[in-house]
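Biologist: Please take a close look at the charged side-chain pairs in this model, and tell me how they sit within the fold around them.

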Amino acid sequence: FEQSYERCEDRDFLPIPTCVLEQDRDYSCVVQDLRLRFDAGTVSGVVGLFYADIEDEEDGALVGPVQSFLDPSAFHGPGEPVIILDGRPVLEQRTRNFAIFGEADIALDRVLPGLSATLGARYDREEYSFESALTNTITPPGRVVPGPVNSGDTQFDAFLPKLGLTY
């Protein structure tokens, strides 16, 4: 599925919007889970594959007098110098997940009537990456101040065994 939304907030709670936060966000998600069930008399179970791809992109603006960010209750009267900060954050994230799994229930009625064993496992791999940046424009004097740019990625692998007895 895909989702987009926009948000606008008045951050200084004054009758006129002097400090505004705007945010645009696009989110998409693709998930697929395929399963195959089997029943062979004394052994039954499931095997399957899982895949997910999630992307999240966000950009926004935080615009207003610098004093509003420091003290939202501050009122800027005539003659007071007002320095406007226009901050533009951008964030992009992506998560991908792959898994293969299986589980079998084995009837052990020959050993003890009503006893069964469950054997299973899941191998899971997740990859995550992100990039964020912030650009600020300060007026006056109209100077652009580049903010930090952060990025990174990581991955996780897990083998998850399962063993159980039911009576």
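**Salt bridges and their surroundings**

Modeller: With a relative accessibility of 10%, Asp 56 counts as buried, since the cut-off for that class is under 20%. Please keep in mind throughout that this is a predicted model, and that every value I quote is computed from it. The partner of Asp 56 is Arg 25, with which Asp 56 forms a salt bridge whose closest N and O atoms are 2.6 Å apart. That pair links distant parts of the chain, for Asp 56 belongs to strand S3 (residues 43-65) and Arg 25 to strand S2 (residues 20-39), with the two positions 31 residues apart in sequence. Arg 25, whose relative accessible area is 21%, is partly exposed, because that class begins where the buried one, defined as under 20%, ends. As a general matter, side chains of opposite charge can pair when their charged atoms come close.

The structure holds nine salt bridges, and a further one joins Glu 127 to Arg 96, where the closest N and O atoms are 3.2 Å apart. Here Glu 127 lies in strand S5 and Arg 96 in strand S4 (residues 84-107), so the pair ties together parts of the chain that are 31 residues apart in sequence. Glu 127 is partly exposed at a relative accessible area of 23%, and Arg 96 is likewise partly exposed, at 27%. The side chain of Glu 127 also meets that of Arg 125 in a salt bridge, with an N to O distance of 3.3 Å, and Arg 125 is partly exposed with a relative accessible area of 23%. Through shared partners, salt bridges join Arg 96, Arg 125, Glu 127 and Asp 157 into one network.

Strand S5 deserves a further look, since it also carries residues of another kind. Tyr 123 is found in this strand, S5, and is partly exposed, with a relative accessible area of 37%. Together with Leu 34, Leu 49, Ile 100 and Phe 159, Tyr 123 forms a nonpolar patch on the surface, the five residues having about 510 Å² of accessible area together. Ser 116 lies in strand S5 as well, a strand that runs over residues 116-139, and Ser 116 counts as buried at 18% relative accessibility. Leaving aside residues up to four places away in sequence, Ser 116 touches Ile 106, Ala 107, Leu 108, Gly 164, Leu 165 and Thr 166.

To set these pairs in the whole chain, there are one helix and six strands, and from the N terminus on the elements run β-β-β-α-β-β-β. Among contacts between residues at least 6 apart in sequence, 63% join residues at least 24 apart. Buried residues make up 23% of the 167 residues in the chain, and Asp 56 is one that counts as buried. The chain exposes about 11400 Å², of which carbon and sulfur atoms supply 59%.

Technical notes: Residues are numbered from 1 along each chain as its sequence is written. This is a predicted model: local features need pLDDT of at least 70, side-chain atom pairs count only at pLDDT 80 or more; totals for chains, interfaces and linings use all residues. Side-chain values use heavy atoms; hydrogens and water are left out. Helices (H or I, at least four residues) and strands (E, at least two) are DSSP runs, numbered from the N terminus. Buried means under 20% relative accessible area, exposed over 50%, partly exposed in between (1.4 Å probe, protein chains only). Contact means heavy atoms within 4.5 Å. A salt bridge is a side-chain nitrogen of Lys or Arg within 4 Å of a carboxyl oxygen of Asp or Glu. Patches are made of residues with over 30% relative accessible area and no salt bridge: like charges are joined within 9 Å, nonpolar side chains (Val, Leu, Ile, Met, Phe, Trp, Tyr) within 5 Å. Accessible areas come from the Shrake-Rupley method with a 1.4 Å probe; for residues, only the protein chains shown count as cover.
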